[in-house]
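Here are a few exercises to work through with the model open in your viewer. Try each task yourself before reading its solution.

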Amino acid sequence: MERLQKVIANSGLTSRRKAEELITQGLVKVNNEVIRELGTKVSSQDTIEVNGTILVSEDKEYYLLNKPRGVITSTSDEHHRKIVTDLIPTTARIYPVGRLDYDTTGVLLLTNDGTFANILMHPSHEIAKVYVAKLKGIITVDEINSLKNGVMIDNELVKASRVKLKKKDTKSNTCMVQITIHEGKNHQVKKMFAAVGYEVLKLKREKVAFFDLKDLASGEYRKLTPKEVAKVYSYK
Ligand code: URA
């Protein structure tokens, strides 16, 4: 038995918060009866109807995409820009695990398995995300240490667990820095570099947990193996 809002969210229909709203608004029925109580337990035998749509449990699908620039990490866009789910031909209601900015490239996982997504996104699991940023200017050792010791962004102290200067080009006055973080705050990497005085000219995510871009060109994707999915579940 699982909580109703979790089952709705895991179906890929909507987020857990939105599912809770729908329940309290009286828009969810279980076995044809309106249920307004959050936390009501349901089983796979129950028929759940959300806003007139009966939930059908989909087979779980898992993808790793090398996100190109100029694509939105969302499942819809009111301005009709290209969205990441356009790049993966499936009828399953997959959605991205976390966000990358429109101009950020690299590792993006997509799934219709809410539990899998939650394991990777929940702060308590401290999943490592490795980025490479091209900066305007050349970062100093002191500034690298500041990023490791913690900088304030949006009134919160955030730290990088690893920061490494990979390349510098004095002619163009730019450098490439690899940075590892464990949270997933909005625009976190750009804000962290801004906090020490640098504009990010390019940003690529090289790794999330053990997932990297090996053999995937920009815009390409692959299915995860059952072994990889099980490994993520082992973090639970
Ligand atoms: N941090 C950012 O600033 N942008 C991203 O897309 C991801 C992390």
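### Warm-up: contacts and overall layout

Among the contacts in the protein with a separation of 6 or more, 62% join residues 24 or more positions apart. Keep in mind that this is a predicted model.

**Exercise 1.** Work out which domains the protein has and how far apart the centres of domain 2 and domain 3 are.

*Solution.*
- Step 1: start with the secondary structure, which comes to six helices and 17 strands.
- Step 2: split the chain. The domain assignment gives domain 1 (2-54), domain 2 (62-123 + 213-233) and domain 3 (128-208).
- Step 3: take the centres over C-alpha atoms; those of domain 2 and domain 3 are 23 Å apart.
- Step 4: look at who takes part in that contact. Domain 2 puts in 13 residues and domain 3 puts in twelve residues.

**Exercise 2.** Find where the largest nonpolar core sits relative to the domains.

*Solution.*
- Step 1: pick out the residues that touch the most other members. In this core of 33 residues they are Leu110, Leu135, Ile139, Leu147, Ile179, Met192 and Phe193.
- Step 2: trace the elements. Those supplying at least two residues each include strand E9 (104-111), strand E10 (129-136), helix H4 (141-149) and helix H5 (188-195). Strand E14 gives the largest share, four residues.
- Step 3: map this onto the domains. Domain 2 (62-123 + 213-233) and domain 3 (128-208) both contribute residues, so the core lies between them.
- Step 4: check for anything else. There's a second, separate core of 18 residues, with Val97, Ala117, Ile119 and Leu224 among them.

As background, nonpolar side chains tend to be buried together in soluble globular proteins.

**Exercise 3.** List what surrounds the ligand, then say how much of its area the protein buries.

*Solution.*
- Step 1: collect the surrounding residues: Leu100, Asp101, Thr104, Tyr131, His187, Gln188, Val189, Lys190 and Leu203.
- Step 2: go through the ligand's oxygen contacts. A polar backbone atom of Asp101 is 2.7 Å from a ligand oxygen, and a polar side-chain atom of Thr104 lies 2.9 Å from a ligand oxygen.
- Step 3: turn to nitrogen. A ligand nitrogen is 3.0 Å from a polar backbone atom of Val189.
- Step 4: finish with area. The ligand taken alone exposes 240 Å², and the protein buries 96% of that.

**Exercise 4.** What share of the protein's exposed area comes from carbon and sulfur atoms?

*Solution.*
- Step 1: the total exposed area is about 13100 Å².
- Step 2: carbon and sulfur atoms supply 47% of it.
- Step 3: for the residue view, 43% of the 236 residues count as buried.

Terms used. Residues numbered from 1 in each chain as written. Predicted model: local features only at pLDDT ≥ 70, side-chain atom pairs only at ≥ 80, totals over all residues. Heavy atoms only, no water. Core = buried A, V, L, I, M, F, W, Y, C linked by side-chain atoms within 4.5 Å. Buried < 20%, exposed > 50% of the residue type's maximum accessible area, 1.4 Å probe, protein only. Domains from an automatic or database assignment. Near = heavy atom within 4 Å. Polar contact = N/O pair within 3.5 Å; in protein donor to acceptor, adjacent residues only side chain to side chain. Areas by Shrake-Rupley, 256 points an atom, 1.4 Å probe, with all protein chains shown as cover. Contact = heavy atoms within 4.5 Å.
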